[in-house]
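Me: I have a model open and want to understand the empty spaces inside. Please take me through them.

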Amino acid sequence: MPAVSEFRAGDAVTPRHDWTRTEVEALLDLPLPELLFRAASVHRQSFDPAEVQISTLLSVKTGGCPEDCAYCPQAQRYDTGVDAQKLMETEAVLEKARQAKAAGASRFCMGAAWRSPKDRDIPKVAAMIAGVKSLGLETCATLGMLSGDQAQALKDAGLDYYNHNIDTDPEHYGSIIRTRELQDRFDTLGHVRDAGLKTCCGGIVGMGETRRQRAGFLQTLATMPAHPDSVPINRLVQVEGTPLHGTAELDPFEFVRTIAVARLLMPKSMVRLSAGREQMSDELQALCFSAGANSIFHGEKLLTTGNPDVAHDQALFDRLGLRVMEVTVDAEGHDHGGTVHADIVGQPRSCVA
Ligand code: SAM
Ligand code: DTB
Ligand code: SF4
């Protein structure tokens, strides 16, 4: 790692896969202005810093999940007020996808509260994927653990991305999830890569982990066989009834440091400012975009919890001079910002005083 004085904006960035936890901790420990400078410099080498990619989320199968993820409102075992619903009908999903497209989304992500899909669920999900794809949207799904055959069937249906998170540092993992191992997640990610799907993999911060454990989380992501194409960094949304409700709030600057280091470690990946934006100030989000975050979920709901309303996001983009990114994929399969294609709500922009 270059000393502060040796580093210049514009230094070539070659993605590395051999980061040590000590190196990652040293980055997290940098004075914040220096860390932001480095992350912003690296961000510019692969992306236009004024562009942010936008995805819409839809919960196609909500609640009733048998897993014990301590953060999750959809786990059956916690009393969170989320009613279990069965898998949505394809036509209802397509109607939501049409609305998302009209509102400016380029990617539509379908989430299901499953430990893993049953083989009999796959044709139904495949029909949703094929339908969403035929609308001209990129497709993404997050359905839990997948077998190799299931991953291939989803790819064949037209799936572009699969989201499957490692969630936290290997050392911290056992205090958050006990019903499946981290290795199960690596196995699913392997099936997803082998099927030729793009990977979306990140996790959650603000779950009571230490800075050293945030380093371990980021190092684990950056030393996987391939960097995830997309790295969602969620800030814990505290939901009453879950074991993590009442966890001490993460210092917002620690959140920005996590985003900046994700950008530095995975310079060509999309870094998604994911769950938790509703609880963030506009200023914190602006710092995150400056630190290299270049993707968000928009729409008033994530899966079961709230998200900033679309008009607020549009106004924030206007105030910050940000534009909606259309994603193109290079020969190595990495996503890049392309032309600007829409306002967030697909409407003419209003003047911002
Ligand atoms: N059931 C599937 C699974 O766990 O892989 C897919 C859906 S699950 C809700 C997708 C991701 O949402 C989780 O891996 C977690 O990172 C994130 N998530 C869930 N609840 C959250 C919360 N309260 N705050 C922040 N992120 C959350
Ligand atoms: C991810 O990492 N974050 C999104 C998406 N992948 C599927 C989900 C966030 C869920 C937040 C809690 C909820 O709304 O239920
Ligand atoms: Fe189930 Fe996914 Fe929630 Fe875990 S994160 S309880 S697997 S829906």
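What follows is a short exchange on cavities and a ligand.

Reply: This is a predicted model, where local features need pLDDT of at least 70, side-chain atom pairs count only at pLDDT 80 or more, and totals for chains, interfaces and linings use all residues. Residues are numbered from 1 along each chain as its sequence is written, chains are lettered from A and ligands numbered from 1 in the order in which they are written, and side-chain values use heavy atoms, with hydrogens and water left out.

Me: What makes a space a cavity?

Reply: On a 1 Å grid over the protein atoms alone, a cavity is a set of points where a 1.4 Å probe fits but cannot get out. Two cavities of 30 Å³ or more are counted here.

Me: How do you know the volume of the largest cavity?

Reply: A volume is the space filled by probe spheres set on the points, which are joined across faces, edges and corners. For the largest cavity that gives about 810 Å³.

Me: What makes S55 a lining residue of the second largest cavity?

Reply: Lining residues have an atom within 4 Å of a point. S55 is in the lining of the second largest cavity, and so are others, including R107 and F297. This cavity has a volume of about 40 Å³.

Me: Why is ligand 3 said to sit in the largest cavity?

Reply: A molecule sits in a cavity if more than half of its atoms lie within 2 Å of its grid points. Ligand 3 meets that rule for the largest cavity, so it sits there. Among the residues around ligand 3 are C65, W114 and R180, each with a heavy atom within 4 Å of it.

Definitions and conventions
1 Å grid on protein atoms, 1.4 Å probe; cavity = no way out; pocket = protein on both sides within 12 Å on 5 of 7 lines; lining within 4 Å.
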